[in-house]
Amino acid sequence: MQSTTTETRITIERPTSEQLKQRGVFEWSIWTKEPSTFDWEYDEPETCYFLEGEVTVKTDRGSVSIKPGDLVTFPKGLACTWHVAAAVRKHYRFG
């Protein structure tokens, strides 16, 4: 079940394997990133499933911590800073 988001809200879910299969998550592209810090702004919504890594994403409304097993939705228009503490590997989909 997808949670409702607002313009600056990040949604984090802990889906079951079956829910991930139903959404086709394992068919999505893979993105990797070494430990780093960078600014990002979303031109369109992104949903991603974290396989590895530790990330803190900071926005003007606070910060969220993301870890393996999290299904995260970033809304269109969100401006944020990513702090990648441990190398990330995730499935992702835009739109």
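In the predicted model, E46 touches V72, T73, F74, K90, Y92, R93 and F94 when residues up to four places away in sequence are not counted. E46 lies in strand 4, which spans residues 46-59. Its relative accessibility is 3%, and E46 therefore counts as buried, the cut-off for that class being under 20%. One of the residues that E46 touches, K90, is also its partner in a polar contact between side chains, at 2.8 Å.

K90 is placed in strand 7, residues 79-94. The relative accessibility computed for K90 is 3%, so this residue counts as buried. The polar contact from the side chain of K90 goes to the side chain of E46, at 2.8 Å. With neighbours within four places in sequence left aside, the contacts of K90 are S29, I30, W31, E46, C48, Y49, F50, L51 and W82. The pair E46 and K90 thus links a residue of strand 4 with a residue of strand 7.

A further position in strand 7 is C80. C80 has a relative accessible area of 6% and is therefore buried. Leaving aside neighbours within four places in sequence, C80 is in contact with F38, D39, W40, Y42, V57, K58 and T59. The C-alpha atom of C80 is separated by 7.6 Å from that of D60, a residue 20 positions away along the chain.

G53, like E46, belongs to strand 4. The relative accessible area of G53 is 13%, so G53 is buried. Outside the window of four places in sequence, G53 is in contact with I66, K67, P68, A86, A87 and V88. Between G53 and F74, which are 21 residues apart along the chain, the C-alpha separation is 17 Å. F74 is among the residues touched by E46.

At the level of the whole chain, the protein contains one helix and seven strands. Their order along the sequence is β-α-β-β-β-β-β-β. The radius of gyration is 12 Å, close to the 12 Å given by the globule rule for 95 residues, so the protein is as compact as a globular protein of that length. Along the principal axes, the C-alpha atoms fill a box of roughly 35 × 30 × 20 Å.

Contacts in the protein were also examined by sequence separation. Of those between residues at least 6 apart in sequence, 75% join residues at least 24 apart. The contact of E46 with K90 and that of C80 with F38 are examples of pairs listed for individual residues.

Burial and surface composition were computed for the protein as a whole. Buried residues account for 37% of the 95 residues; E46, K90, C80 and G53 are among them. The accessible surface amounts to about 5600 Å², and carbon and sulfur atoms contribute 47% of this area. The protein carries 12 positive and 14 negative charges, and the mean positions of these two sets are 4 Å apart.

Conventions. Residues are numbered from 1 along each chain as its sequence is written. This is a predicted model: local features need pLDDT of at least 70, side-chain atom pairs count only at pLDDT 80 or more; totals for chains, interfaces and linings use all residues. Side-chain values use heavy atoms; hydrogens and water are left out. Helices (H or I, at least four residues) and strands (E, at least two) are DSSP runs, numbered from the N terminus. Buried means under 20% relative accessible area, exposed over 50%, partly exposed in between (1.4 Å probe, protein chains only). A polar contact is a pair of N or O atoms within 3.5 Å; within protein, one must be able to donate a hydrogen and the other to accept it, and residues adjacent in sequence count only if both atoms are side-chain atoms. Contact means heavy atoms within 4.5 Å. The radius of gyration is taken over C-alpha atoms; the globule rule is 2.2 Å times the number of residues to the power 0.38. Accessible areas come from the Shrake-Rupley method with a 1.4 Å probe; for residues, only the protein chains shown count as cover. Lys and Arg count as positive and Asp and Glu as negative; His and the chain ends are not counted. The place of a charge is taken as NZ of Lys, CZ of Arg, CG of Asp or CD of Glu.
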